[in-house]
Amino acid sequence: MAPLSTNEFGRSRVSERSVVDGGRERTEATPKALYTLMMRISALEDGILKALSAGTFRAPFYPVRGLEPACAAVGLALKPTDYIVSTYRCLGDVLAKGVPMREIMAELFGRAAGTSKGKGGSMHMAAPDYGLMATTGVVGAGMPIAAGLGLAALWDGADRVVVTTFGDGASSTGAFHESLNLASLWSLPVVFLCQNNQWGEHTSIDDYTRQPVIATRAEAVTMKTIRVDGFDSMAVFSAVREAVDHARMQRAPVFLESVTFRLRPHAYGTDEPYIPKSKREAAIEKDPVPNMRRLLINSGALTVDEVSSIDEAILVEVDDAIRFAESAPPTPIGEMMTDVYASTGGMPL
Ligand SMILES: Cc1ncc(C[n+]2csc(CCOP(=O)(O)OP(=O)(O)O)c2C)c(N)n1
């Protein structure tokens, strides 16, 4: 197993350009774009937690603080026509794939304007127009869906990459092993992105496996693997790009393990006395968003004023999204059963 990869930060002043791709625009991948997306994720999460604490709305919520580099890097590496399949801990993936904040917040509030007309909630968002194909509350369940989407891309001859994200705990499910095996056997263009935050709910990785290097499980099925320090935003940025490019060009799967640590509790409203204080404090020192901000300023890539104006614009966007959701009409009762069950086309079940 290769050691964790690290990356030198490019010192050149970065510029922002848009590129047209598949008829839609996407932002070119630059350190500034990476920071902006990471900050949008982090600020939206802060806004959600504040609104939950204030009782503005109620919903289950699984924080992503600390996971922003990989979420944002995926958003920048993928084309609009690519797909992503995520989990209940999906805020970063959903936003990075291009779903507008207003639609995300409306979904969390149970509003008709939400990604799934308010019927999915925080754990079950889907927005196929943006390539967000599913998020699921069932641990490990996204990987077979991603493998199926990868197989469909091959059959259709589509230039499409599918990324699926999941935690370290999900690597002990049967679905994980079945998906990796078939993705390798059939050479599917799927990136399996493990956000290894060292915890499966309340259980430390050391208490559920003797092999804490999750990527070894992918090596067992001869899949290309990349392992990266998840707190090193620029290294993650390169690793994600390498993985996505490989899946697209080689039409082959890649296993990418981003090694990080859970900076917030498993879910909103829970406590975590089981995590040693020293470990958590050491991890908080590596909090990627403030560190990336410092890196941009210290390297001369952006001035303090430029970073402040990015941050201020994001806070306005978050505030707007929460106000929009708060005042948006709730999903009508008559909508409750539509889009819930597929039609059998007259066939008995
Ligand atoms: C099949 C299944 N088993 C158990 C659970 C309960 N559960 C919810 S989150 C979670 C922890 C999963 O840990 P990991 O895959 O590392 O992801 P993380 O929550 O750390 O992002 C568990 C066990 C579930 N939702 N689905």
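This tour goes from the confidence of the model to three pairs of packed helices and then to the shell around the ligand.

**Confidence**

Before selecting anything, keep in mind that this is a predicted model, and colour the protein chain by pLDDT, for which the mean is 92, with 92% of the residues reaching 70 or more. Then select residues 6-24, where the pLDDT is below 50, although this stretch has 35 contacts in the model beyond near neighbours in sequence. Where pLDDT is low, the predicted coordinates should not be read in detail.

**Helices H1 and H2**

Select next helix H1, residues 31-53, together with helix H2, residues 68-77, and look at how they pack: the angle is about 125° and the axes are 9 Å apart. Since angles over 145 degrees would count as roughly antiparallel and 65 to 115 as roughly perpendicular, H1 and H2 are therefore oblique to each other, and the crossing in which H1 passes H2 is right-handed. To see the contact itself, show Ala33, Leu34, Leu37, Met38, Ile41 and Ser42 on H1, and on H2 show Glu68, Pro69, Cys71, Ala72, Ala73, Gly75 and Leu76. Coloured by class, the residues of this contact come out as ten nonpolar, two polar and one charged.

**Helices H4 and H11**

Move on to helix H4, residues 101-108, and helix H11, residues 304-327, which pack with their axes 8 Å apart at an angle of about 40°. Only angles under 35 degrees count as roughly parallel, and H4 and H11 are therefore described as oblique to each other; their crossing is right-handed. The residues to display are Met101, Arg102, Met105, Ala106 and Leu108 from H4, with Glu317, Val318, Ala321, Ile322, Phe324 and Ala325 from H11. In this contact of H4 with H11 there are nine nonpolar and two charged residues, and no polar ones.

**Helices H5 and H6**

The third pair to select is helix H5, residues 142-156, and helix H6, residues 174-185, whose axes come within 8 Å and cross at roughly 20°. That angle makes H5 roughly parallel to H6, and the crossing is left-handed. On the H5 side the contact is made by Met143, Pro144, Ala147 and Gly150, and on the H6 side by Ala175, Phe176, Glu178, Ser179, Leu182 and Ala183. By class, the contact of H5 with H6 holds seven nonpolar, two polar and one charged residues.

**The ligand**

Finally, centre the view on the ligand, which is surrounded by 14 residues, the closest being Val139, Gly167, Gly169, Ala170 and Gly200. Highlight strand E5 (162-167) and strand E7 (199-200), the elements that give two or more residues to this shell. Coloured by class once more, the shell around the ligand divides into five nonpolar, six polar and three charged residues.

Conventions:
Residues numbered from 1 in each chain as written. Predicted model: local features only at pLDDT ≥ 70, side-chain atom pairs only at ≥ 80, totals over all residues. Axes fitted to C-alpha atoms, helices over the stretch in contact; angles between N-to-C directions. Helix = DSSP H or I, 4+ residues; strand = E, 2+ residues; numbered from the N terminus. Left-handed = near helix turned anticlockwise from the far one by under 90°. Contact = placed C-beta atoms within 7 Å. Nonpolar A, V, L, I, M, F, W, Y, C, P; charged D, E, K, R; others polar. Near = placed C-beta within 6 Å. pLDDT = per-residue confidence, 0-100.
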